[in-house]
Amino acid sequence: MKTLVELLNKTYDQKLENHKEYKKTLKEMKNFLTENKVTCSKSDDIDCIHYEIYVSSIKNKQHFEEVFFDTYVKMYDYWYDLTYKERKQQMNVDIDACKQDMKHFMYEEEEIFMPCFDSRMNHLYNTEIVLLDLKQYHTFIRDFEKEIKDDLYGVLPYENGFTSTQVYAQMGDSFVVYQPMVHRFYCFLHGHYTSSLSLDPKMQNIDEKELRMAAMLFLLGREEDLAQMLIESTLIPDKMKKKISKLLEKQAKRNKNNT
């Protein structure tokens, strides 16, 4: 028997990549990632959301590198006369200044400006960027795709503006985010994406409290409660409410026959 999630996802199936407003964003992201030698051949919703994190991370990374090279050129005449500690100290004055306007979050006492990279690489750029002067670190500048990883920091990138989604429910290390363009929830269990739930993208004047309640029920896997809540909400049209009511009736009959 079709589940509530299957019914809603089949009915409201517009992909993020096909949304009129998002198409331009996706094209720009893919061009940017391709220019930076990052593979971006997929276009499922969750891939698009990951690309948003990649782009924000790489732009922050490039900003760090611009400051590094500007400072290096400025100090070039006496750069090699300085000790490592002196170079680092002077470099980090400029790095600390550039951080002020960059989005980031704290993770295990480390500032994370590039959430598609691990904390080791973030630490390098935050604190030890002077090491980019050494040949063995040049690969981080030009050939870094192998360093990119998904879902390293759980809900934190979503809470701190690295995607177009918003966090609508959370329990421990599991959470649900909402993408307003396509009116879709994405569920992450223990920090990893597992499923989505679609609502009618044509609905307007949506109640935020109802959205958050739906997100929490979706996260908890309480499908019957979610179905009843949607029937009583402003989140879906009357036609869909009737379909969900019939679905609940069928499930009730099935449960009765199994007892």
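**Exercise 1. The largest pocket**

Task: In this predicted model, determine how many residues line the largest pocket and which of them lie nearest its centre.

Solution. Begin with the lining: 13 residues surround the largest pocket. Nearest its centre lie K15, D45, R184, Y193 and S196. Next, consider the volume, which is about 160 Å³ for the largest pocket. Then turn to the elements: α3, β5 (184–189) and β6 each give two or more residues to the lining of this pocket. Finally, β6 gives the most, with three residues.

**Exercise 2. The largest cavity**

Task: State how much space lies in the largest cavity, and identify the element that gives the most to its lining.

Solution. First, the structure holds one cavity of 30 Å³ or more. The space in the largest cavity amounts to about 80 Å³. Its lining includes H50, I53 and Y54, as well as P115, D150 and Y158. Among the elements, α3 and α8 (156–159) each supply at least two lining residues. The most comes from α3, which gives three residues to the lining of the largest cavity.

**Exercise 3. The open sheet**

Task: Give the order of the four strands in the open sheet, and explain why one side of β3 and of β6 is left without a neighbour.

Solution. The strands follow the order β3-β4-β5-β6, and their pairing is antiparallel. At the edges stand β3 (166–171) and β6 (192–198); each has a single partner strand, so one side of each lacks a neighbour in the sheet. From one strand to the next, the twist averages 20 degrees. For a closer view of one pairing, take β3 and β4 (residues 174–179): five bridges join these antiparallel strands. One residue pair can be located here, as V167 has V177 in β4 for its bridge partner.

**Exercise 4. Two aromatic pairs**

Task: Classify the ring pair of F64 and F113 and the ring pair of Y178 and F185, and decide whether these four residues are buried or exposed.

Solution. An aromatic pair is described by the distance between the ring centres and the angle between the planes. The structure holds 19 aromatic pairs. In the pair of F64 and F113, the ring centres are 5.4 Å apart and the planes stand at 85 degrees; because an angle over 60 degrees counts as edge-to-face, this pair is edge-to-face. The two residues come from distant parts of the chain, 49 residues apart: F64 belongs to helix α3 (residues 45–74), whereas F113 lies in the loop between β2 (110–112) and α6 (119–127). Both F64 and F113 are buried.

For Y178 and F185, the centres are 5.3 Å apart and the planes are at 50 degrees, so the pair is tilted. Burial is judged from relative accessible area, with values under 20% counting as buried. Y178 has 3% and is therefore buried. F185, at 0%, is likewise buried.

**Exercise 5. A cluster and two charges over rings**

Task: Name the residues of the aromatic cluster that contains F68, and state which rings lie under the charged end of K59 and under K103.

Solution. The cluster consists of F68, F69, Y72, Y76 and W79. Turning to the charges, the charged end of K59 sits over the ring of F32, at 5.5 Å from the ring centre. K103 lies over the face of F162, 5.2 Å from the centre of that ring.

Key
Residues are numbered from 1 along each chain as its sequence is written. This is a predicted model: local features need pLDDT of at least 70, side-chain atom pairs count only at pLDDT 80 or more; totals for chains, interfaces and linings use all residues. Side-chain values use heavy atoms; hydrogens and water are left out. Rings of Phe, Tyr and Trp (its six-membered ring) pair if their centres lie within 6.5 Å; planes under 30 degrees apart count as stacked, over 60 as edge-to-face and the rest as tilted. Buried means under 20% relative accessible area, exposed over 50%, partly exposed in between (1.4 Å probe, protein chains only). A charge sits over a ring if NZ of Lys or CZ of Arg is within 6 Å of the ring centre and within 35 degrees of the ring normal. Two strands pair if DSSP finds at least two bridges between them. Axes are lines fitted to C-alpha atoms, for helices over the stretch in contact, and angles run from 0 to 180 degrees between N-to-C directions. On a 1 Å grid over the protein atoms alone, a cavity is a set of points where a 1.4 Å probe fits but cannot get out, and a pocket is an open set with protein on both sides within 12 Å along at least five of seven lines; lining residues have an atom within 4 Å of a point. Grid points are joined across faces, edges and corners, and a volume is the space filled by probe spheres set on the points.
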